[in-house]
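Colleague: Could you walk me through this one before I head back to the bench? I'd like to talk about burial and about the aromatic rings.

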Amino acid sequence: MPTKHLKAVDILEALESRLAYVPGGRDRDGRPLVVISVPPELDPTTKPKLESLILYYLSIFSEDTKENGLVLIVDARRGAWRVARSCIRLSTSLMESKVVSVIVVRPDGFWDKRVDSCTKSHKEGEPTYVTLTRLHVCVDFSQLPYELAGNKAYNHVEWIKKRMKIEDYSRDALELVSKMTNLHQRLNTLDGIRMTQSDDDVESYWEIGTELLSTARHILQSGRNLVSAMSRESSKDTLDTVKEIHKLLDSIELKQMDIENSWTEMERNLDTARVIENLEQGVSSVTDWILGPADTMLNSCWQVGFDVSSSEELRRQHEKLELQCRETYGRYAELLHRIDSLPKSRLPEDLKSQRDFMDFVCRSFASRLERRRNVLITSQRFFRLVSEYFDRTSEVFDQLVMGSRSYNFSQASVKLLTLEKSQTVLDGLERELVKEGEKLSDILSMPVKDALGREVCVNYDEDIVNVKDILDATNARKNIFNDSVELQKLSLKQVALIHMYESDAEQAVKWLNDLFNVLLRNHLEVGCNAKEIQSQKEDHQSFQETAKGTYEYGGQLVNGARVLRLSCRISLESNASLFSRLRQAWRQLRSVSQEQLTRLRVCAVFHRNVEDHCARLRNLVETVTILHRAPKDEEDVTAEARVRSGMRDILDNREKLLLEVGRMVRLGRLLKTRLKEPLYHQR
């Protein structure tokens, strides 16, 4: 008979027969006692009852207690020895190794008839035979029931009632644990998505869970009360039973927590399933809109415009389309965030696939929308640059190239600088225009793909040809404009040179007039001796060289300006007038300067001759004085003749010198008269 199926209610008759019982006592080693009351005679029910009782008692002890061992007391005082021996054999065979000691209580008369050898020792596993009076040697009196001459209170009827109550509780508890385990397993295997489609399942599970949790609270309270009632008992079977009840209580509490966790998990799964269902609907809505209306609207917009106004209008239409897509983009970003926020373990493969497909579709559509936007921006910028280039070239051509042909010499350099800056700006504008045109052609030449990555048939050949024609026209206009500008720049450079040359020539005229005034103010004096006059003459000659260099410099400038005027076909009247004033200033300065140089030269000759004449006169006087002071010797006729001859020579020289002196005097008088006259007579 399996021990786990034995219940007190099943063997109630055997229990009430008190053939075997557990009094709750222990031996001196703390091992629990199992008492067998040997009946006077064997009947057919004795062995089955004893067997069921032994197995039942074994089932109420814990494994640790059974491993520690049990003590079997066989009360054979009222039965025959053969009946006692049969009961001992049956009990020890059933208990096997779990019984460590068998104590057989025999009546006192048994020992009078029994002859034992004094040298025979007790073998392990063999029963120990004692009288009732010597039973206290193995077991203390306090651990023996009244029937075995002990003082331990034991009520077998109450014990049976208690066991039945415990087993009823255990049965209810185990049944509850089974139901809770079943509910827990069913909750763990629930599919949240399937449950969202049937609210009846959720309600039924909720009712079952509520009922089980209510029952669990009742059974937990009953178990605690039962444990509390047995807390004062110290018998080993009661203590082991309390442990089992505690295990049941722990198991129920654990199952209760498992059910609560599973229910929480199921609610979380249910919420997740609802969220996933909502996300799937949102993903499907976004994907359908992108592949449907959005793709249709974008397919209908393919023109790029042919001028500024048409490209701007297309740009505005595209911005309206982008505004319509903005709400869908917001939903797309929100869905991505919500899906990516889900734990990977709760993310279904279907939703993941739908999310990836939506992401691919939206990104492809956004890429195509961005491409369309770039095409329109490039087109608008290109046509705007074309318009600006043509307008500004026309403006520069009209104002700086084809303006009035009457040249303003003073503004020529400013106009040239303005023209060069304008040309630089227009060259940069033209390069940018060509760059945008080539960029637009390249973009239009690229294939167009829809949201699914399929090529869309869009023919941009006419637009590409239009862009190429505009670029060719721009290049032709640039060549014509640059040729005209280069010619105008050359003319302006020549006019600027004319203005610079003639301005410098005017400065040369001013310098000549200043030199003339300096000449009249500082160069009219004549020195008092030849040395001083020589110094004045050298300074005057240097002054003349400066004036001559100034005149030649001015003449070269005037001639250069004249050549440029002829090249530019500009009137020579002002140039001729300037040359005339330059020549007049030079002639005036040269005539006065030459007159002053002549005076200095004549004065220098005069002073040199006067000094020479004075020196010769002094020499004659000295010679005459020497001749008069020479001693006279009458006898020396030759010496006298020499004196006379010397005197005659001196007189001849004197006459010649006096003639020259006379001429110098007349020259001096004429020079004095000339020096009194002014060098320049103002008209």
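Modeller: Let me fix one term beforehand: a residue is called buried when its relative accessible area is under 20%. Please also keep in mind that this is a predicted model.

Colleague: OK, so is Tyr-57 buried or exposed?

Modeller: Tyr-57 has a relative accessible area of 1%, which is under 20%, so Tyr-57 counts as buried.

Colleague: And how many aromatic pairs does a search of the whole structure find?

Modeller: The search gives six aromatic pairs. One of them is formed by Tyr-57 and Trp-159, whose rings meet edge-to-face, at 5.8 Å centre to centre and with 70 degrees between the planes.

Colleague: Which parts of the chain does that pair link?

Modeller: The pair links distant parts, since Tyr-57 belongs to helix H2 (residues 46–60) and Trp-159 to helix H6 (residues 156–188), 102 residues apart. Trp-159 is buried as well, with 5% relative accessibility, and the two residues form one aromatic cluster together with Tyr-56.

Colleague: Switching topic, why is strand E2 largely enclosed by the rest of the structure?

Modeller: Five of the five residues of E2 (residues 33–37) are buried, so the strand is largely enclosed. Both of its faces are covered, with Leu-33, Val-35 and Ser-37 on one side and Val-34 and Ile-36 on the other.

Colleague: Which way do E2 and E3 run, parallel or antiparallel?

Modeller: E2 and E3 (residues 70–75) run parallel and are joined by five bridges, with Leu-33 partnering Val-71. Strand E1 (residues 20–21), by contrast, runs antiparallel to E2 and is joined to it by two bridges, and there Ala-20 has Ile-36 as its bridge partner.

Key: Residues numbered from 1 in each chain as written. Predicted model: local features only at pLDDT ≥ 70, side-chain atom pairs only at ≥ 80, totals over all residues. Heavy atoms only, no water. Buried < 20%, exposed > 50% of the residue type's maximum accessible area, 1.4 Å probe, protein only. Helix = DSSP H or I, 4+ residues; strand = E, 2+ residues; numbered from the N terminus. Pairing = 2+ DSSP bridges. Phe/Tyr/Trp six-rings, centres within 6.5 Å; stacked < 30°, edge-to-face > 60°.
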